[in-house]
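Let's take a walk through this protein together, starting at its surface and working inward. Keep the viewer open and follow along as we go.

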Amino acid sequence: MRTKKGMLALEQPAKQFGRVKRRKDSCKLYIDFYYFGHRIIRSTELDDTPANEQKVRDFLNRIGDRVEKGTFKFAEAFPGASRKEKAFFTKLEGREYRPEPHNVLFGDYVKEWMKTIFPTFGSPTKHRDYQEAIRRMLPHFKNLTFHQITGQELYKFTETLKWKTGPNKGKPLSRARKVNILIPFRAIWNDACDHYRWVIKNPCDGIHKKLPKTEKKERLALRFRDWQLFLESLEEHYRPIAELMILTGMIVSEMAALTKDSIQGDYLKLTSSYVLKNEKSSLKTAFRKRDIYITDAIRKRLDILVARATTPYLVTSARGSRLHSTDFAKVWKKAVDKAGIAPMTSYTARHTFAAWALTIGVNPLRLVKLMGHASKQMVYEVYGNYVEGLEEDAVAILDYFGRDFIEPRKKKNPALYGYSTGHSQGIVKPNYLIPLSY
């Protein structure tokens, strides 16, 4: 008997569930039945033989029996069906669709994750970092199921990570960079386990022990002469901006958020940041919200910025737009190359501010607040290493910062700020890393 869609129905006993068929142009057997009013046709991949026909008929009868009892589960009967189809019929069955890890491709889940979870991240920086990490991991993992992704597979992926641009192009990424790329991977994995209620081992567990350790580069503060050479090579428009950074310890995103209203009496108030062209009402940590006492040296640079500002924002590019980290980095590098000094980024100014402050005797406990840190650990364990070799620059640094940096006018008591005055030539003798109260 001929049927629709070019199929031939094989002779079936009456009142049996569904039908066993074969296509006119195929030697394979198919099943054809209705479930919740939807027609389902599936190939069995079995050749059209009497024995196979009986196997398929028995399979269909079992389906019919379970459908009648209300115990049939489409997703279990047809594991090769699409996730969409499984979810559709599982919902009709009144159950929640929970595919097993071996049924879900990493790439498929990431597509859904990018639509649902990723937009909830508010940080523009986090958006950028996660997108870059996902671009790196998808080619390796997109066609693997969660069941196939093991700790060993993840380690193999980390071994492929190399620099794509710059002077290190083609060289392996550092351990720290690899760990950062795995942060989004861990988040995606955990969200998938939570969504599908899987209880499976995260391949990230223990990966840190497998990654080779890389030698940590010591970040050195600038010598005063190198800073002068840099300023001389920097475009004139950006000089007061760079100087304000090294006089305060501010970074580019904090500078770009400064407005005329940030100047309040004797203090510069830092309350927000500007990252990737997005205004943020918060800083890196709550401690980064700080009040910076405006010394004469700082006031001098602020006056320049205020005088030329045509908008409420103080720090702008040479074109008049708000300062952008990427553009500023190019200007900064150009000046470094022209000055012929060791490579450095604008963040070096922040480290240099800390090192110079310690060199001229600022109490490390006070420096914690000036830097906007949560504790004194960074000052004692990191910035303290930068002081060595700068003692020769102490007089020049003090003159550059001004004595009111050491001793703000409103607080004359030197004991509060951890420095000792020298009798020779009336200069400050460095007190280095000896706080008044540890």
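In which helix does Leu-92 lie? The answer is helix H3, which covers residues 83-92. Before going further, please keep in mind that this is a predicted model. Leu-92 has a relative accessible area of 36%, so it counts as partly exposed. Together with Phe-36 and Phe-88, Leu-92 makes a nonpolar surface patch of about 270 Å².

From that patch, let's turn to helix H7, made up of residues 175-196. Its 22 residues should span 32 Å at 1.5 Å a residue, and the C-alpha atoms at its ends are 31 Å apart, which agrees. If you colour H7 by burial, you will find a series of buried residues, among them Ile-181, Leu-182, Phe-185, Ile-188, Trp-189 and Tyr-196. Lys-178 and Pro-184 are also among the buried residues of this helix. What do the buried residues of H7 pack against? Their partners are H3, H5, helix H4 (106-116), helix H6 (151-159) and helix H8 (207-210). Just past the end of H7 comes Arg-197, whose phi is positive, at about 60°.

Now for the nonpolar interior. The largest nonpolar core contains 59 residues, and Trp-227, Phe-230 and Trp-332 have the most contacts inside it. Helix H14 (residues 348-359) supplies the largest share of this core, seven residues. A separate, second core has 32 residues, including Tyr-109, Val-110, Leu-154 and Cys-204.

Trp-332 is a good place to zoom in. Setting aside neighbours within four places in sequence, Trp-332 touches Trp-227 and Phe-230, and its contacts also include Ala-242, Met-245, Met-344 and Ala-349. Thr-345 and Ser-346 are in contact with Trp-332 as well.

Another residue to look at is Thr-348, which lies in helix H14. Is Thr-348 buried or exposed? With a relative accessible area of 12%, Thr-348 is buried, because buried means under 20%. Once neighbours within four places in sequence are left aside, Thr-348 is in contact with Leu-220 and Leu-222.

Charged side chains come next. The whole structure holds 21 salt bridges, and a few of them show how varied the settings can be. Glu-76 pairs with Lys-73, with their closest N and O atoms 3.8 Å apart. In this pair Glu-76 is exposed at 60% relative accessible area, while Lys-73 is partly exposed at 34%.

Within helix H5 (residues 124-141), Glu-132 and Arg-136 sit four residues apart, about one turn of the helix. An α-helix has 3.6 residues a turn, so residues three or four places apart point the same way. The side chains of Glu-132 and Arg-136 form a salt bridge at 3.4 Å, N to O. Here Glu-132 is partly exposed, at 29% relative accessibility, whereas Arg-136 is buried, at 14%.

A further bridge joins Glu-243 and Arg-301, at 2.8 Å from N to O. Glu-243 belongs to helix H10 (residues 239-248) and Arg-301 to helix H12 (residues 296-308), so this pair ties together parts that are 58 residues apart in sequence. Both Glu-243 and Arg-301 are buried.

To finish the tour, find Arg-19, Lys-21, Asp-32 and Arg-39, which are linked in a network of salt bridges.

Definitions and conventions: Residues numbered from 1 in each chain as written. Predicted model: local features only at pLDDT ≥ 70, side-chain atom pairs only at ≥ 80, totals over all residues. Heavy atoms only, no water. Core = buried A, V, L, I, M, F, W, Y, C linked by side-chain atoms within 4.5 Å. Buried < 20%, exposed > 50% of the residue type's maximum accessible area, 1.4 Å probe, protein only. Helix = DSSP H or I, 4+ residues; strand = E, 2+ residues; numbered from the N terminus. Contact = heavy atoms within 4.5 Å. Salt bridge = Lys/Arg side-chain N within 4 Å of Asp/Glu carboxyl O. Patch = residues over 30% accessible without salt bridge, like charges linked within 9 Å, V, L, I, M, F, W, Y side chains within 5 Å. Areas by Shrake-Rupley, 256 points an atom, 1.4 Å probe, with all protein chains shown as cover. Expected span 1.5 Å × (residues − 1).
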